[in-house]
Amino acid sequence: MEEMYGIKYVKPEVVLMQDTGIGVAEAAARTCYDSFENSENEAIRSMEHAMPSSDTCEQINTIEESNLLNDLAWTHFHHSILEHANLSFLIRGTSRGVLQEHARHRIQAISVRSTRYTMSSVINAFVASQTTEDKEFFVKKVLGFDMFVTCDEAYNRIEIGAMYDKLRFQAQMVANFNEIAVAKSSLGLLEEFKGNSEALYDALESGKKKRNVGDAFKHIISDNVKVDMVVTFNLRSLKNYFTLRDSGAAYFQIRWLAQEMMRKTPSKYLDLIIKKG
């Protein structure tokens, strides 16, 4: 947890799920120069006169150091060769605000938790709260979802209260609100559990989820809502990401993310993209 500008935040969690190694990048570079015999790595040298076997490819993928890659990265600045190395990160608990910044880095693969498909519990809590006209029921229920990067309860109550007010406004404007919010097979539950918010909420949660429920309700959430994603960068793009985002000029939340990604990146990659000293 860290406080910024009077607001307390939780920092994102990152796991490196997969990395391809730097061996293929060296093989690619030596293909350019026809210099396999100069490698300090035996598996690369063996490619001089023969196609690599599956065992050799496995050895190439375990290479931890490459003098050639180091020279290309720091003496000749030929960074295109680094695009042959890829790293995939699982990121949990960053924010929608960070996502807007993160998406500007175009050379990446990114898969993000969808608000279109994952808002049903929030909407179920609102629908259930309406049977008793109990805003506090909604606020308490959503507080339990741990859905914000902000971690001060008093502040999050303001966030959730605003969500409730937006939904309340929408419910008053749309005659068929419940049909939009709840799966058709669950509409009967509204009458069955009328006057009991907790029972109605539990019943809605146990029933079929409304498909694409977020289409009608994404407007209620702010940039403080947590986002989970899996991202894959090639090493050249990751260098650009760290350079721009681990910077005092970067938005503090994406700086936290870049720093945590850097902590989870093995040294054999960092040595090629982060200048020592």
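Buried here means under 20% relative accessible area, exposed over 50%, and partly exposed in between, for a 1.4 Å probe and protein chains only. The structure is a predicted model, in which local features need pLDDT of at least 70 and side-chain atom pairs count only at pLDDT 80 or more, while totals for chains, interfaces and linings use all residues. Residues are numbered from 1 along each chain as its sequence is written, and side-chain values use heavy atoms, with hydrogens and water left out.

**Salt bridges**

A search of the whole structure yields 15 salt bridges, each defined as a side-chain nitrogen of Lys or Arg within 4 Å of a carboxyl oxygen of Asp or Glu. Three of the pairs are listed below.

| Pair | Closest N and O atoms | Relative accessible area |
|---|---|---|
| Arginine 236 and glutamate 83 | 2.8 Å | arginine 236, 37%; glutamate 83, 37% |
| Arginine 157 and glutamate 136 | 2.8 Å | arginine 157, 29%; glutamate 136, 32% |
| Aspartate 146 and lysine 226 | 3.1 Å | aspartate 146, 52%; lysine 226, 22% |

Helices (H or I, at least four residues) and strands (E, at least two) are DSSP runs, numbered from the N terminus. The salt bridge between arginine 236 and glutamate 83 links distant parts of the chain, 153 residues apart: arginine 236 belongs to helix α13 (residues 235-245), and glutamate 83 to the loop between α4 (67-74) and β4 (86-95). Arginine 236 is partly exposed, and glutamate 83 is partly exposed.

In the salt bridge of arginine 157 with glutamate 136, arginine 157 comes from helix α8 (residues 153-173) and glutamate 136 from helix α7 (residues 135-143), 21 residues apart. Arginine 157 is partly exposed, and glutamate 136 also counts as partly exposed.

Aspartate 146 pairs with lysine 226. Aspartate 146 sits in the loop between α7 and α8 and lysine 226 in strand β6 (residues 226-234), so this salt bridge ties together parts that are 80 residues apart in sequence. Aspartate 146 is exposed, whereas lysine 226 is partly exposed.

Glu101, Arg104 and Arg245 are joined in a network of salt bridges.

**Packing of α13 and α14**

Arg245 also takes part in the contact of α13 with α14. The two helices, α13 and α14 (residues 252-263), pack at an angle of about 135°, their axes being 9 Å apart. Axes are lines fitted to C-alpha atoms, for helices over the stretch in contact, and angles run from 0 to 180 degrees between N-to-C directions. Contact means heavy atoms within 4.5 Å. On the α13 side, Leu238, Tyr241, Phe242 and Arg245 meet residues of α14 including Ile254, Leu257 and Met261.
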